[in-house]
Every structure is written in C-alpha cells, then in structure tokens.
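Grab a pencil and work through the exercises below. Each task comes with a solution you can follow step by step.

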Amino acid sequence: MQKFMTALLILFTNAGVLMASEVNVYSYRQPDLIKPLTDKFTQQTGIKVNVAYLKKGMIERMKAEGKRSPADVVLTVDISRLAGIVSENLTQPVQSSSLSENVPELYRDPDNHWFGLTTRARIVYASKDRVSDGEIETYEELADPKWSGRICTRSGTNAYNVALTSAVIHHLGEASAQKWLEGLKSNLARKPQGNDRAQVKAIWAGECDISVGNTYYMGKMLSDDEQKEWANSVRIIFPKFKNGGTHVNISGVAMAKYSPNPDNALRFMEFLTSPEAQEIYAEVNYEYPIAPGTEAAKLVKTWGSFKADKVNLMDLAKLRSSALKLTEIVNFDG
Ligand code: FE
C-alpha cells in the first residue's frame, strides 16, 4: 500500500511539474547575461525558464535528442551559428507580428527561423598615442601598406573574422577580397593569436598600433581591474566599407523544431525581442539593442555612433564557406 501511495505521489508531483508552465532554453550565452532576462520573464508571466548553458556541441546534442529534445528555444551569437542550426533542420519558422515589428528586417531570417536580439560592431581598436584621427576610416584600408607591421588580430578562422571576411566578399567580390586578406596578412605585426582582448593588450604593450575586435570587449575590459589599462590605451574607430557601413553581427534566438512548449517558447521569444528586454540584454553585455526607438547604454554611447552596413546577415552566412576558403588560400594564420 505504501509503495502504491508513493507511486501515486510521484505521479501527482510529475503532473504538477508538467502543468507548471515552463520553457527550456539551450544557450551559448553566459548566465550573467541571461539571468536578468529569465528572472524578469518569469516575474511577468509565471513561466519558469530552465536554461542549459552550453560551451559547445549544441547541434550534436539536439540531433542526438531528436524528437525527444526538451529544447524550446536556442540562444546564441553570430550569424553563422544561427544559420548553422537552421541548416541542420533543428529549428522551426515562427510567425509573429511583434517579432517582425521589433526586429528590423536586416537582422532576422527571411524565412523566420532566427531573430536577432542585439548587435555588436566589428571595429578597429586604435592606439591613442600612435594613431591619429582619420588615419583609418574604411575596412579596405586595413590592407593598405601604410599599416605594415602595425596590425594585430585573432585567427582568420574565428567566427567573428569569418563574418567580416564574408562582408568583404559581399562588398568587393571574391578576387578583391582575396587581395584584401593578403594585404591584411602582410600588415600583421605577429601571427594571428589570442582573442579580441589579447590584441588590445598587444597595442597597450606596444606590439601593434591597431587591432580588429568587437565593440563590447571595450566594456568588458573597462570592468576588469587588469584589463582596464589596456582599454584606456585605445579608442574605438568605426570603420565602414567604401560603399557601405560598419560591419555588425548579432546575438539571436530561434525556436527548436521539436519544441515541447511552443506557446511558451513564442512568448519568451516575443519577450526577448521587446524593446525593454533588448535594452537590458544589450546593457549587460555592452551591445546595441535593435528594436526601433531603443537606445544603447550610456557607456556604449560614449564610444561614438555609426551606420551599420545594410546587408541582410543571411547573405553573409551564405558567403561563409567562400570566406573560409580564402582564409585558407592566403594561409592567413600561417
Ligand atoms: Fe565574443
């Protein structure tokens, strides 16, 4: 009898859990960025958010789980990652007027599989002491011999650089993009190594005068006791393409193909794209919110303003393999 009662109790408890509204998130983004948002969402809706924080292997995990996958929503950065999850057939299209109102067309999938939440620009960090105003204004100039021995960057195969190279191909065509990569390589002060912040450290240490990096790292360095000095040795320059704007990438969200809680998933996606949530999300990671009428945080605004390139990020995702091929042909990291 007692066994029976226990079984009954477990059944009820499980039923209770099932009935409690929840949404399951697979996230490549870190807890400190996501927590403020999930807390707020739960507060507003009563829907519990369970987050699996992953460092890698999201695609493999979702493939292995198949139709039994608990994932409702995936959160990640970089257009190639978003496009990669879509092309593996692990997402589903979402129709929602608030999503299309809050996310500008450039930053969402034409087929409605993924939606951008914030942008980050890939910019030039320039030594305050050794680079004068106007010395660099375009991405094209990174290949100009006047920068010989003065540039530091991370690996050419890093997703951020692959997206930038894709943008170069988009603007200049493949042949000129190859020349650009060769020119950039020959301007490097050292072999590509380290992350974006390591390049700013190298500028601080006098190894190079400019580097290529994402905007939000300025904020991250400024909030770190050791890295503050590196950050204070540089300023941000927003380069543009001669016939375009500043290259940006996104963080974004998509609904999992086999989402067990699609209604909650949609509510969560709509919440994330709301101007209010975008501003919170952008502020914690020093990024830019994208909904019409939203503003970047105070600190981020001090870095200056820019016009984002007007290319749909899906067009860049399609150039990813060409970009990787060129990177290999010019032996960028070698
Ligand atoms: Fe990053």
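**Exercise 1.** This is a predicted model, so let's read its strands with that in mind. Find which residue stands opposite R120 in β9, then work out which strands pair with β5.

*Solution.*
- Step 1: Opposite R120, in β9, you'll find N249.
- Step 2: That residue pair belongs to β5 (residues 114–127) and β9 (residues 248–256), which pair antiparallel over 7 bridges.
- Step 3: Strand β7 (residues 210–214) is also an antiparallel partner of β5, over 5 bridges; here Y125 has S211 as its bridge partner.
- Step 4: Strand β8 (residues 234–237) runs antiparallel to β5 too, joined by 4 bridges, and A126 is matched with R235.
- Step 5: Finish with β10 (residues 288–289), antiparallel to β5 with 2 bridges; T118 stands opposite P289 there.

**Exercise 2.** How many residues of β5 are buried?

*Solution.* Count along the strand: 14 of its 14 residues are buried, so β5 is mostly covered.

**Exercise 3.** Which protein atoms are donors of the iron ion, and are Y216 and Y217 buried or exposed?

*Solution.*
- Step 1: The donors are the OH atoms of Y160, Y216 and Y217, lying 2.0 Å from the iron ion.
- Step 2: Along the sequence, their spacing reads Y-x55-Y-Y.
- Step 3: Buried means under 20% relative accessible area. Y216 has 2%, so Y216 is buried; Y217 has 11%, so Y217 is buried as well.

**Exercise 4.** At what angle do α11 and α12 pack?

*Solution.*
- Step 1: Helix α11 (residues 262–273) and helix α12 (residues 275–284) pack at about 70°, with axes 5 Å apart.
- Step 2: Therefore the two helices, α11 and α12, are roughly perpendicular to each other.

Terms used. Residues numbered from 1 in each chain as written. Predicted model: local features only at pLDDT ≥ 70, side-chain atom pairs only at ≥ 80, totals over all residues. Heavy atoms only, no water. Donors = N, O, S within 2.8 Å, 3.2 Å for Na, K, Ca; no water. Buried < 20%, exposed > 50% of the residue type's maximum accessible area, 1.4 Å probe, protein only. Axes fitted to C-alpha atoms, helices over the stretch in contact; angles between N-to-C directions. Parallel < 35°, antiparallel > 145°, perpendicular 65-115°, else oblique. Pairing = 2+ DSSP bridges.
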